[in-house]
Amino acid sequence: MIGGHDAVILAAGGSQRLGRPKQLLTLDGESLIARVSRLVDATGPGKTIAVLGAYAERLCGQLNGAMAVFNPDWATGMASSLRLAADALAGRHDPVLVVVVDQLALDEAHLVRLLAAHDGARDTVTAYGETLGVPAVLRAATLARAAHLRGDTGFRALWSDEAPLAIRADALAVDVDTEDDVARAIAAGLLDRD
């Protein structure tokens, strides 16, 4: 357990390309949102916010130690969820661990590696392929700037003036958006069969 940080779980999406809530797909009998919630909780955050939207009523009971915040504008994209998370953590000064629920290879060791590497001088993010993204540890000041994001823009837009520290984890490039993704994940043992 690390501690000294807050956490945000982004889980408001409607899984429109999949046609069913990917947050409720299971691995070893545990839903993806319950799994991510458990992994985040194991890092010892002071406060955890789970931003829910499309399937909020079905997901609330799956959270472990997280406070649910409902995003009525979930269909407008990730920026609205990040703004809500920033509002919910306003006035707090600890770094913020930000995760999504559909990175099937995510494990506690990577979250601990990110938190341990974060020195507060800049944000600490995950690198996979040519992409920088989540999971990430944001300075509280970076998350507060989420008020300026719009549409489906993630916090990558906030790094234009200062490059983050990147921790490589190429396995986290695999996520689930379509039924083909689900089939590949099942074949790889990363999801349970339906």
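Biologist: In which sense do β4 and β5 pair, and over how many bridges?

Modeller: Strands of a sheet can pair either parallel or antiparallel. In this predicted model, Leu52 of β4 stands opposite Phe70 in β5. The two strands, β4 and β5, pair in the parallel sense, and the number of bridges is four.

Biologist: Which strands does β1 join, and by how many bridges?

Modeller: Let's take one partner at a time. Ala11 of β1 stands opposite Leu52 in β4, and five bridges join these two parallel strands. Leu10 of β1 stands opposite Val100 in β6. That parallel pair is also joined by bridges, so to speak of both partners: β4 with five, and β6 with five.

Biologist: Which strands are the edge strands of the open sheet?

Modeller: Read along the order of the seven strands, β5-β4-β1-β6-β8-β7-β9, where the pairing is mixed. An edge strand here pairs on one side only, and that picks out β5 (67–70) and β9 (165–168).

Biologist: Are the residues of β1 buried or exposed?

Modeller: In a regular strand the side chains alternate between the two faces of the sheet. Here Asp6, Val8 and Leu10 point one way, while Ala7, Ile9 and Ala11 point the other way. Six of the six residues in β1 come out under the 20% cut-off for relative accessible area, which makes them buried.

Biologist: Which helix packs on the sheet, touching β1, β4 and β6, and what angle does its direction make with that of β1?

Modeller: The helix spans residues 32–41 and touches those three strands. Its name is α1, and the angle with β1 is about 170 degrees.

Biologist: Which residues have the most contacts inside the largest nonpolar core?

Modeller: This core has 50 residues. Take Phe155 as an example: leaving out residues up to four places away in sequence, Phe155 touches Leu82, Val98, Val134, Ala136, Leu138 and Leu149. The residues with the most contacts inside the core are Val8, Ile9, Leu52, Val98 and Phe155.

Biologist: Which residues lie closest to the centre of the largest pocket?

Modeller: Rolling a probe the size of a water molecule over the atoms shows where empty space is left. The largest pocket has a volume of about 1,000 Å³, and 34 residues line it. β1, α3 (78–88) and β8 (131–138) each supply at least two residues of that lining. Closest to the centre are Gly13, Lys22, Met78, Asp152 and Asp177.

Terms used
Residues numbered from 1 in each chain as written. Predicted model: local features only at pLDDT ≥ 70, side-chain atom pairs only at ≥ 80, totals over all residues. Heavy atoms only, no water. Buried < 20%, exposed > 50% of the residue type's maximum accessible area, 1.4 Å probe, protein only. Pairing = 2+ DSSP bridges. Contact = heavy atoms within 4.5 Å. Axes fitted to C-alpha atoms, helices over the stretch in contact; angles between N-to-C directions. Core = buried A, V, L, I, M, F, W, Y, C linked by side-chain atoms within 4.5 Å. 1 Å grid on protein atoms, 1.4 Å probe; cavity = no way out; pocket = protein on both sides within 12 Å on 5 of 7 lines; lining within 4 Å. Points joined across faces, edges and corners; volume = space filled by probe spheres on them.
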